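Thanks, everyone. Let me put the structure up, and then we can walk through a few places in it.

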Amino acid sequence: MPDQTAAPDTATGPDTAIAPDTATAPYDLLITGGTVIDGTGAAPRRADVAVRGDRVVRVGDPEPDARAVTTLDATGLTVTPGFVDLHSHADFSVLAMPDAEACLRQGVTTLVTGNCGLSPFPNPAAEVPADPAPGTLGGGGWADLDAFAAAVDAARPAVNIAPLVGHGALRTAVTGTARTPAGPAELDAMRALLATAAEQGAFGMSTGLIYAPGSFAGTDEITALAAEAARRGLLYATHMRDEGDKVTEAVEEALEVARASGVRLQISHLKAMGPANHGKVRTALALIDAAAAEGLDVACDVYPYTASSTRLTSRLPDWAMDGGTDALVERLADPGTRARVLADLRPAVGRTFLPEGVVLAMTGPGRYSDRIGDSIADIARDEGVEPAEAVLEVLAAHRGEVMIVNHAMAEDDVDTVLRHPGSAVASDGWVLNAPGEGHPHPRNFGTFARVVGHYVRGQRVLELADAVRKMTSLPASRLPLPGRGTLAPGQIADLVVLDPEAVADRATFADPWQYAVGVRDVFVSGTCVLRDGHTTGARPGRTLRRVPAAV
């Protein structure tokens, strides 16, 4: 049976106690002396927090005679709900890294997975879970959500997983990796797989319209599937078709899908890539605001960095990925076809693709595996070739499996999106423990701490209460996740105790393998998973499932 995430029946105010079983029964946990920021955006206030089992039972003034199995003094510290990472790619890594220490050190207690169209299900042909290639963001290793959830729950993660189903996985299961339109029969088959995922508790559907095979789908296909998602009450999260020269048109397409289908829309990691496009986020946000004013349910999320991280193949012309990476390798081996790829890639170089800013983050074995941390410009200069040619050389040497960090955004754009009242904070990360191999984006280790340390305390872009809202109740409301995202009686006891004057991200682009600091204690469903800044070994997380909507 799905984990029922419906809200508790008890309706209480912020200072209302849920009575103990007996007058003398102790609480399981009592956090005293702290300043509570409840996730709603309300002003901080002094309050004690009492927990019984997996629920908060009281938030209010100190009780002189209160007893608890565990009492924590949070004097001088802040108590918040656990942070909800609305955009994560931890689908596979949570199985290999169930301790999720990088998350806990930031106060993250729930990861939303299956983003950018990349989910590890459905794959009706799967019998045994497939191992992903190093650095990939997803695959098709499990037959359905039930099978994937069973694997996650068997791994006993420290954090919760809230899965989306990826359109790329739906399309691969039905049409493969070919660059062909989906006909009526294929659409029906994808709808059926989407319906199964919804019935098994998926929270939404995602698209990755810059990634093959999602990039092969037209607006009509996305709208048809979004209508099915809307019918079943699911969220639609989209990595849009363009985040550079045509970012405005991409926002308009996403809004067109929402209008035509009635689906709730989440625009993932809103940004504008390349100097020529800096500032376009203001137009994008204006379009979002206008759509919301006309009644669409639309919001966005953002990570607090001026660099993205993705597959190097995402920089190629769409047709080059027809048939997947194996087909790409064959094209790059043919001189005539390789010349076509090169010609189509060149116009982006220096505009949305800045060679000095595209840094190798991870590869499999191959010629350039010792160039991790170097830029395409470095490689091109060392080999005496143009940057576009260096891209093709790297891809050919590693059979298309190359992850990059891409520096192409403006700090003012990040500030602008982060300030918007409808933007949630999300990491877009997938590395859950340190240290490891490669040169990953520091957002894996520092996203939420960076918001508090840099954008609240340092730059004063946000007030702390609003920053917490963007990391708790706002993302939780988008799925939704009843019982999570706010700190109040009756809510699930996902809790964080942190020092707002000490929280900081330590991970940098030059040295990413560093945990954040300043979070003292973390609880998941009332169980302590981080104590005094150190993991406890407890792993109470599980796969969360949405209660299926009646259709």
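**A walk through helices, loops and one strand**

Helix H7 is followed by Gly262, and the phi of Gly262 is positive, near 80°. Before going on, remember that this is a predicted model.

Let's stay with H7. The helix runs over residues 247-261, which is 15 residues. How far apart should its ends be, at 1.5 Å a residue? The expected span is 21 Å, and the end C-alpha atoms are 21 Å apart, so the two agree.

Which residues of H7 are buried? Val247, Thr248, Ala250, Val251 and Glu253 come up from the N-terminal side of the list. Then come Ala254, Leu255, Val257, Ala258 and Ser261. And what covers them? The cover includes two helices, H6 at 219-231 and H8 at 280-293. It also includes strands S13 (235-239), S14 (264-267) and S15 (298-302).

Take one residue of H7, Ala258. Ala258 has a relative accessible area of 4%, and the cut-off for buried is under 20%, so Ala258 counts as buried. What does it touch, leaving aside neighbours within four places in sequence? Ala258 is in contact with Val263, Leu265 and Leu296. Look also at Ala227: it is 31 residues from Ala258 along the chain, and their C-alpha atoms are separated by 8.5 Å.

Next, a helix pair. Helix H10 covers residues 335-345, and helix H12 covers residues 387-397. Their axes come within 9 Å and cross at roughly 130°. An angle over 115 but not over 145 degrees is neither roughly perpendicular nor roughly antiparallel, so H10 and H12 are oblique to each other. The crossing of H10 past H12 is right-handed. Who makes the contact? From H10, it is Arg338, Val341, Leu342 and Leu345. From H12, it is Ala388, Glu389, Val391, Leu392, Glu393 and Ala396. By class, the contact of H10 with H12 has seven nonpolar residues, three charged and no polar ones.

Just after that, look at Arg399. Arg399 sits in the loop between H12 and strand S18 (402-407). Its phi is positive, about 50°, although Arg399 is not a glycine. Buried or exposed? In between: at 45% relative accessible area, Arg399 is partly exposed.

Cys116 is another non-glycine with a positive phi, here about 60°. Where is it? Cys116 is in the loop between strand S9 (108-113) and helix H3 (145-155). With 3% relative accessibility, Cys116 counts as buried.

Now the cis peptides. Ala212 and Pro213 are joined by a cis bond, with omega about 5°. Pro213 belongs to the loop between strand S12 (204-208) and H6. Leu479 to Pro480 is also cis, with omega near -5°. Pro480 is in the loop between helix H16 (473-478) and strand S20 (495-498).

Last stop, strand S6, residues 68-73, which holds Thr71. Thr71 has a relative accessible area of 48%, and is partly exposed. Which residues does Thr71 touch, beyond neighbours within four places in sequence? Leu30 and Thr32. Val49 is 22 residues from Thr71 in sequence, and the two are 10.0 Å apart, C-alpha to C-alpha.

That's the tour. Over to you.

Terms used: Residues are numbered from 1 along each chain as its sequence is written. This is a predicted model: local features need pLDDT of at least 70, side-chain atom pairs count only at pLDDT 80 or more; totals for chains, interfaces and linings use all residues. Side-chain values use heavy atoms; hydrogens and water are left out. Helices (H or I, at least four residues) and strands (E, at least two) are DSSP runs, numbered from the N terminus. The expected span of a helix is 1.5 Å times one less than its number of residues. Buried means under 20% relative accessible area, exposed over 50%, partly exposed in between (1.4 Å probe, protein chains only). Contact means heavy atoms within 4.5 Å. Axes are lines fitted to C-alpha atoms, for helices over the stretch in contact, and angles run from 0 to 180 degrees between N-to-C directions. Angles under 35 degrees count as roughly parallel, over 145 as roughly antiparallel, 65 to 115 as roughly perpendicular and the rest as oblique. A crossing is left-handed if the near helix is turned anticlockwise from the far one by less than a right angle, and right-handed if clockwise. Ala, Val, Leu, Ile, Met, Phe, Trp, Tyr, Cys and Pro count as nonpolar, Asp, Glu, Lys and Arg as charged, and the others, Gly among them, as polar.
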